[in-house]
Amino acid sequence: METEQDRRIRARRTHQKSRLGCKTCKKRRVKCDEKKPTCTNCRQHAVICDYATESAAPSRPLRREYRFKQSRYEVQTDLPSTTDTSVQSSSPGPTPPPPLESISLEDLHLFHHYVTSTASTVTDGHDRKHLWDIHVPQWGFAFPSILHLILALSALHLAHQQPAMRAQYLKQADDHFTFGVRSVTTVLSSLNEDNCQYIYISAVLICLVYFGHGPRAGEFLVFSESGQAEWLVLMRGVKSILESRHAEIFSGVLAPDALEGEAQVDSELAEELERHKARIRDVQELIRAETEDPAIKEMYDSALDSLQDIFDEVYRMRAAGKQGVNLMHLVIGWLYRLSDGFVRWLEAKDPLALAVLAYWAILLKYMQSSWLMTGWDEHVLAGIQASLPEEHRCWIRWPVECIFGDRQPLSNEIA
């Protein structure tokens with residue numbers, strides 16, 4: 001007859017629960033699926049699984065100097081620079097990202113700086129969802145383009161903070177930017193509901209890297225001295241992604257936050273705002289007098305009416321103590337929503353279109369507290385002033401006064 005002790009022995013012998021799980025799962029007291037080289041739990045939590053270290057363990061103790069290998073994406077002289085967007089229109093072969101175990105100490109430094117410092121500079125200071133400091137870095141392990149682009153942004157931030165080492169950090173930024181753009185280019189044709197948020201964040205990071213690199217001679221965001229403006233190509237790429245997967249992109253952690261109560265604009269700011277809007281209305285009347293085509297008048301009226309609305313929104317934000325990167329969605333949003341026809345006039349450097357853009361450039365002045373936007377207001381307005389025939393420079397006298405004051409952007413005289 002079977003005793004109680006016999007039943008206990010038999011139960012222990014037939015126990016089917018795994019006793020070979022990884023140490024991380026055991027420590028967390030969760031069931032391990034024992035997948036190798038990395039179990040599912042460790043992969044989902046972006047932690048190193050001891051299965052991976054066991055499979056890669058050498059036959060003798062690992063020496064400290066070999067724990068981190070040299071990065072496989074070091075400087076390559078045949079690759080384009082950070083601001084070279086021609087890589088987007090080309091069709092390079094897939095460039096597989098390097099495995100994480102071959103990351104260099106320099107890259108670890110960039111990653112640490114991004115998480116502890118750079119991430120906070122691309123938010124409004126109230127990132128309750130921790131999109132940029134937690135989710136985006138985690139997405140980088142699943143989508144290599146994001147990882148390379150946050151390292152590029154971090155390198156540019158360090159170049160801004162440490163001018164003595166600027167050349168070194170710009171080189172690192174160029175390398176990571178190139179790999180980031182190439183890796184996202186290879187998956188653009190397979191945009192779907194599973195990867196659309198990754199691709200969208202990659203596109204946003206590409207635009208941020210462009211701003212972070214600083215103004216570039218001959219390039220003025222929506223027009224250039226020759227050819228198509230590089231940043232405009234980037235913006236159109238973002239617009240295309242958004243239009244195809246808008247609902248899926250703005251869900252989960254990317255879902256818009258609830259609107260907060262509007263701040264009251266005090267009397268001093270209100271007077272300043274009204275001066276801007278009065279000057280915008282003046283240039284609106286000038287354009288109406290210069291234009292006979294009703295369709296063109298409507299196009300300019302729409303652009304200038306929306307610009308006045310953006311000034312209202314920006315001043316409400318300023319009244320609430322928000323500036324710099326907090327204004328990005330408003331200021332850049334105006335460019336984003338311009339009609340294709342108006343953008344074509346800007347690209348052709350039409351004097352009336354450039355005059356409108358000059359009034360928009362005033363808003364860039366209020367973003368100067370962000371390292372990403374340093375110098376962009378003066379750069380864009382100087383490009384507008386240089387592109388306008390001398391007899392039309394009187395149209396932008398107010399923007400020049402607002403941004404440059406007593407200084408002159410390029411010439412010693414503005415009509």
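This report walks through a few helices and residues of a predicted model.

## Ground rules

Local features need pLDDT of at least 70 and side-chain atom pairs count only at pLDDT 80 or more, while totals for chains, interfaces and linings use all residues. Residues are numbered from 1 along each chain as its sequence is written, and side-chain values use heavy atoms, with hydrogens and water left out.

## Helix H9

Let's start with H9, residues 166-185; helices here are DSSP runs (H or I, at least four residues), numbered from the N terminus. Its 20 residues should span 28 Å at 1.5 Å a residue (1.5 Å times one less than the number of residues), and the end C-alpha atoms are indeed 28 Å apart. H9 is mostly covered, with 15 of its 20 residues buried (under 20% relative accessible area, 1.4 Å probe, protein chains only).

## A buried lysine

Lys277 sits in helix H12, residues 267-290. Its relative accessibility is 15%, so Lys277 counts as buried. Beyond its neighbours within four places in sequence, Lys277 is in contact (heavy atoms within 4.5 Å) with Gln308 and Asp312.

## Two residues with positive phi

Glu34 has a phi near 60°, a positive value in a residue other than glycine. Glu34 lies in the loop between H2 (23-28) and H3 (40-44), and at 27% relative accessibility Glu34 counts as partly exposed (between the buried limit of 20% and the exposed limit of 50%).

Lys349 isn't a glycine either, yet has a positive phi of about 60°. You'll find Lys349 in the loop between H15 and H16 (351-361), partly exposed at 28% relative accessibility.
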